[in-house]
Amino acid sequence: MIHQKFNSLLKTKWLGQNLCYEECVDSTNKVAKQLGVKNAPNGLVVLAEEQNAGKGRLGRGWFSPKGKGLWFSVLFRPKFVPEEAPKCTLMAAAAVAKAINKICGVDAKIKWPNDILLNNKKLVGILSEMNAEYGKLNFVVIGIGINTNVDKSDFPDDVKDIAISLHTEATKEFGRELLLAEILQELEIKIEQAEKEGFENIFQEWRQMTCTLNKDVKVIAQDETYFGRAIDIDAGGMLIVERKDGKRVKVVAGDVSIRSVN
Ligand code: BT5
């Protein structure tokens, strides 16, 4: 990652204007949260060349080899109530998918709630966390992991067949600096939009880029697994699934895995 190049490409007002750049950390989300409680500025970005304990959801790991991806976390202090924070995952997915498609000339799709897929394989994982107390949202941290240059042979055995990297698929030449700058710009626009008018228009854009809706899905929750059809997302970003018996249920992000069954 070349700093000067990134700085000259970054067009944001506040997101990413403070950059904490590290060679190796355990997890950029963890670092961002630690800095958040120490009054880190709104819009701080923590970026690492390598993570040795990258985090997924529900205690899962995120493979983050040195120099082969964009492993970063953004910290912001939005004017929302804590109940709105889960919507930030969908907002980030829309921003990242839009930027990747524009800069790399691909057709990446969002898989509810936190993945971006290319050719049906996982290209991006998103992990949102928040710090809140007594109904007040202190900050949100959104961690984003993008495989830019990971070779198939680099991936661990359990990930190899489900993961993909941009360098083999992009139809345009791109640098990591440019991609990161574009993502931050898209995300800044969306955060400001959400603060001003809410999430509905952002969700509308999300719907244009998702591969989850109108598909048969398998929902793997903590205490049960069931099949149904993904109908839509609601105003809170929850997935509305019509079960085989016709009953509609709302699925909360974070607790479940969704598998496409066709
Ligand atoms: C996620 O979790 O997809 C969220 C990943 C967030 C990673 C970023 S990197 C920057 C920031 N700092 C962090 O510590 N985390 C964030 P989940 O839906 O639970 O998916 C995790 C699963 O994805 C793993 O169990 C693997 O199966 C698979 N996986 C792991 N590494 C991968 C990779 N590099 N590419 C594709 N799939 C991967």
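## Where the ligand sits

A molecule counts as sitting in a pocket if more than half of its atoms lie within 2 Å of the pocket's grid points. In this predicted model, the ligand sits in the largest pocket.

## The shell around the ligand

The ligand is surrounded by 28 residues, and those that come nearest are Ser 27, Lys 55, Arg 57, Arg 60 and Lys 122. Sorted by class, the shell consists of 13 polar, ten nonpolar and five charged residues.

Several secondary-structure elements contribute to this shell. Helix α2 (28–37) and the strands β3 (69–76), β6 (121–133) and β7 (136–147) each supply at least two of its residues.

## Polar contacts and burial

Two side chains approach nitrogen atoms of the ligand. In Gln 51, a polar side-chain atom is 2.8 Å from a ligand nitrogen. In Thr 28, an N or O atom of the side chain lies 3.0 Å from a nitrogen atom of the ligand.

Lys 55 makes its approach through the backbone: one of its backbone N or O atoms is 2.7 Å from an oxygen atom of the ligand. The protein buries 93% of the 790 Å² that the ligand exposes when taken alone.

## The chain as a whole

The protein chain contains twelve strands and six helices. Its radius of gyration is 18 Å, close to the 18 Å that the globule rule gives for 262 residues, so the chain is as compact as a globular protein of that length. Along the principal axes, the C-alpha atoms of the protein chain fill a box of roughly 55 × 45 × 30 Å.

Terms used: Residues are numbered from 1 along each chain as its sequence is written. This is a predicted model: local features need pLDDT of at least 70, side-chain atom pairs count only at pLDDT 80 or more; totals for chains, interfaces and linings use all residues. Side-chain values use heavy atoms; hydrogens and water are left out. A residue is near a molecule or strand if one of its heavy atoms lies within 4 Å of it. A polar contact is a pair of N or O atoms within 3.5 Å; within protein, one must be able to donate a hydrogen and the other to accept it, and residues adjacent in sequence count only if both atoms are side-chain atoms. Accessible areas come from the Shrake-Rupley method with a 1.4 Å probe; for residues, only the protein chains shown count as cover. On a 1 Å grid over the protein atoms alone, a cavity is a set of points where a 1.4 Å probe fits but cannot get out, and a pocket is an open set with protein on both sides within 12 Å along at least five of seven lines; lining residues have an atom within 4 Å of a point. Helices (H or I, at least four residues) and strands (E, at least two) are DSSP runs, numbered from the N terminus. Ala, Val, Leu, Ile, Met, Phe, Trp, Tyr, Cys and Pro count as nonpolar, Asp, Glu, Lys and Arg as charged, and the others, Gly among them, as polar. The radius of gyration is taken over C-alpha atoms; the globule rule is 2.2 Å times the number of residues to the power 0.38.
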